[in-house]
Amino acid sequence: MKPRIVSIITSYNRPKLVTDCIESVKDQTFKNWLCIVADDDSSAETVEAIHKAVGGDSRFLVLEKVCGSPDLSTRSSELRYCKAINVAIPHAQA
């Protein structure tokens, strides 16, 4: 069955924030959803936190390194979070 709701979480080196966000999605009472976590080449700590928070829940799709290798000098000017969302959108099948 296709999910009725699809949400996208973008992530870059904020393990506590992304964990809290994932937990918030898991706490929703409506259960027919898909959550795509699009991570922009974060540290190993952040990627590990994402997978731990997801905990094998099949309603999550984790996409890693969605924007290629990070270049912090152009990070904000390139609006990489927008690129992460654009990579995730084709996976949304609500």
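Is lysine 65 buried or exposed? I would like to start from that residue and then work outwards, keeping in mind that what we have on the screen is a predicted model. Lysine 65 sits in the loop between strand 3 and helix 3, and because its relative accessibility is 56%, above the 50% cut-off, it counts as exposed. Its backbone also deserves a look, since lysine 65 has a positive phi of about 50° although it is not a glycine. As background for those of you who are new to this, most residues other than glycine have a negative phi.

Let me now step back to the whole chain. There are three helices and three strands, and if you follow the sequence from its beginning you meet them in the pattern β-α-β-α-β-α. Of the 94 residues in the chain, 35% are buried. The surface that the chain exposes comes to about 5,800 Å², and carbon and sulfur atoms supply 55% of that area. If we take the contacts between residues at least 6 apart in sequence, we find that 79% of them join residues at least 24 apart.

Next, please look at the beginning of the fold, where strand 1, helix 1 and strand 2 together make a right-handed β-α-β unit. The two strands of this unit, strand 1 and strand 2, pair in the parallel sense over seven bridges, and within that pairing threonine 10 stands opposite alanine 38 of strand 2. Helix 1 covers residues 15-26, which is 12 residues, and it reaches 16 Å from its first C-alpha to its last, close to the 16 Å expected at 1.5 Å a residue.

Which residues of helix 1 are buried? They are Pro15, Val18, Ile22 and Val25, and because they fall within an arc of 95° when we look down the helix axis, they line one face of helix 1. The general reason for such spacing is that an α-helix has 3.6 residues a turn, so residues three or four places apart point the same way. The cover over the buried residues of helix 1 includes strand 1, strand 2, helix 2 and strand 3.

Helix 2 can be read in a similar manner. Its buried residues are Thr46, Val47, Ala49, Ile50, Ala53 and Val54, and seen down the axis they fall within an arc of 160°, so that they too line one face of their helix. On the other side of helix 2, Ala44, Glu45, Glu48 and Lys52 are exposed. Among the elements that cover the buried residues of helix 2 are strand 1, helix 1, strand 2 and strand 3.

The backbone on either side of helix 2 is also worth a moment. Aspartate 41, in the loop between strand 2 and helix 2, has a phi near 60°, a positive value in a residue other than glycine. Just after helix 2 comes glycine 55, which takes a positive phi of about 60°.

I will finish towards the end of the chain, in the segment after helix 3, where we find histidine 91. What is histidine 91 in contact with, leaving aside its neighbours within four places in sequence? The answer is Leu34, Ile36, Leu61 and Leu63. The C-alpha atom of histidine 91 is separated by 9.9 Å from that of isoleucine 8, although the two residues are 83 residues apart along the chain. Even with these contacts, histidine 91 counts as partly exposed, at 34% relative accessibility.

Notes:
Residues are numbered from 1 along each chain as its sequence is written. This is a predicted model: local features need pLDDT of at least 70, side-chain atom pairs count only at pLDDT 80 or more; totals for chains, interfaces and linings use all residues. Side-chain values use heavy atoms; hydrogens and water are left out. Helices (H or I, at least four residues) and strands (E, at least two) are DSSP runs, numbered from the N terminus. Buried means under 20% relative accessible area, exposed over 50%, partly exposed in between (1.4 Å probe, protein chains only). Contact means heavy atoms within 4.5 Å. Accessible areas come from the Shrake-Rupley method with a 1.4 Å probe; for residues, only the protein chains shown count as cover. The expected span of a helix is 1.5 Å times one less than its number of residues. The arc is that of the directions from the helix axis to the C-beta atoms. Two strands pair if DSSP finds at least two bridges between them. A crossover is right-handed if, with the strands pointing away from the viewer, the path from the first strand over the helix to the second runs clockwise.
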